[in-house]
Amino acid sequence: MKKTLTALCIGLAALASHAQTWPDKAVTLVVPFPPGGSTDQVARAVGPLLTNKLKQSFLVENKAGATGTIGATFVKRAPADGYTFLVTSLGPLVITPHLLKGMQYDALKDFDLITVAVQSPNVLVVPTNSPLKSVADVVAHLKANPGKMTFASAGNGSSDHLTAELFWQQTGTTAIHVPYKGGAPAHTDIMGGQVDASFQNVNSVVQYIKGGKMRALAVTSTARSPVLPDVPTLTEAGVKNVEVTSWQAIVAPKGLPPAVRERAHAAFAEALNDPKVRDQFVGIGFEMVVNTPAQFAEFQKKEYARWKTVIETGKISID
């Protein structure tokens, strides 16, 4: 009994010591998408602040592919020691699990949730030379040309992909989904007129909209976006029940020592709440969330169930 208690005390002391010294080496922030997108923006904004505060390097590593599941699987398999985190969009956590067979992780069980960092609505955009000037124009065109209009997305299972699917369900229309390997190449083809339309994260395209390179028709939020005050919501434009918020979050491999998880959450929250970071994100259309792990868990469950219903209703598959 004494040996057991001694071992337990030694173990607890080791955990406490680890928490106090964390981090004592470089930390990797895995982004499961190519550079340049919304998720990458979040990781690269907080990385330098964490490096300066905690005196260890926080390095961003892009591990793109398979709709974000390659990077997510890598993090799931990493040691749960506080030196590998996943900075991800909602896709790998609440959408892709319903789309792909043979997933290498359980999105609800295999990660320690740290925080939802930010969220933003999507915006329906078309090329500036498009003849479609409103949501009504888009719906009319879809109904007159079923299965012909093209909608770009940042990839299969992304929020912009599923927003388009939900939009088609609610308007009783069909179109062609054109997935890209990330938001940046999709943006290029939208501006070039190679695709007809897209639902993109507001923050990732607001500069193109204001620069006259894309035309915004509606946002997917319940209220108008502060960065696009003249653009109506989809509800205002006559399409209901397509309120969608894209979000970016931070998770870790399951099994982080509780004290390390608490210290990590506090560090990420402080970085995200830094005035410069907040001003940067809010200025391009993000809403700061920075919730607790418990709040994140409840939110994930609701989002997971919602997108499961959308995918099953639409019989959507990307296998």
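**Figure 1. The surroundings of D40 in a predicted model.** Let us start with the residues around D40: setting aside residues up to four places away in sequence, D40 touches V31, P34, P35, V60 and N62. D40 itself belongs to helix α2, which runs over residues 38-54. Is D40 buried or exposed? Its relative accessible area is 5%, so D40 is buried, the cut-off for that label being under 20%. The side chain of D40 also has a polar partner: the side chain of R44, at 2.8 Å. A helpful rule goes with this view: an α-helix has 3.6 residues a turn, so residues three or four places apart point the same way.

**Figure 2. F58 in strand β2 and the residues it touches.** Here we move on to F58, which is found in strand β2, residues 58-62. Which residues does F58 touch, not counting those up to four places away in sequence? They are W22, P23, V27, L29, G47, L50 and T51. F58 has a relative accessibility of 6% and therefore counts as buried. For a sense of distance, look from F58 to T84: the two are 26 residues apart in sequence, and their C-alpha atoms are 9.5 Å apart in space.

**Figure 3. S89 in strand β3 and its contacts.** S89 lies in strand β3, which covers residues 84-89. With 11% relative accessibility, S89 counts as buried. Its side chain has a polar atom 3.3 Å from the backbone nitrogen of G91. Once neighbours within four places in sequence are left aside, the contacts of S89 are F33, T39, W247 and Q248.

**Figure 4. D189 in helix α7 and its polar contact with Y180.** Next comes D189, found in helix α7, residues 183-192. Which side chain makes a polar contact with the side chain of D189? The partner is the side chain of Y180, at 2.7 Å. Y180 is also one of the residues that D189 touches, together with Q194 and V195, when residues up to four places away in sequence are not counted. From D189 to F199 there are 10 residues in sequence and 13 Å in space, C-alpha to C-alpha.

**Figure 5. The two ends of helix α10.** Helix α10 runs over residues 275-283, and D274 caps its N-terminal end. In this cap, a side-chain oxygen of D274 lies 3.0 Å from the backbone nitrogen of K276. Just after α10 comes G285, with a positive phi of about 105°.

**Figure 6. The whole chain, as a setting for the close-ups.** Stepping back, you can find 11 helices and 10 strands in the chain. How does the radius of gyration of the chain fit a compact globule? For 319 residues such a globule would have a radius near 20 Å, and the chain has 21 Å, which agrees. The C-alpha trace spans about 80 × 40 × 30 Å along its principal axes. Of the 319 residues, 51% count as buried. Among contacts between residues at least 6 apart in sequence, 79% join residues at least 24 apart. The accessible surface comes to about 13,900 Å², and 55% of it belongs to carbon and sulfur atoms. As for charge, the chain has 30 positive and 24 negative side chains, with the centres of the two sets 3 Å apart.

Methods. Residues numbered from 1 in each chain as written. Predicted model: local features only at pLDDT ≥ 70, side-chain atom pairs only at ≥ 80, totals over all residues. Heavy atoms only, no water. Helix = DSSP H or I, 4+ residues; strand = E, 2+ residues; numbered from the N terminus. Buried < 20%, exposed > 50% of the residue type's maximum accessible area, 1.4 Å probe, protein only. Polar contact = N/O pair within 3.5 Å; in protein donor to acceptor, adjacent residues only side chain to side chain. Contact = heavy atoms within 4.5 Å. Rg over C-alpha atoms; globule rule 2.2 N^0.38 Å. Areas by Shrake-Rupley, 256 points an atom, 1.4 Å probe, with all protein chains shown as cover. Lys, Arg positive; Asp, Glu negative; His and termini not counted. Charge placed at Lys NZ, Arg CZ, Asp CG, Glu CD.
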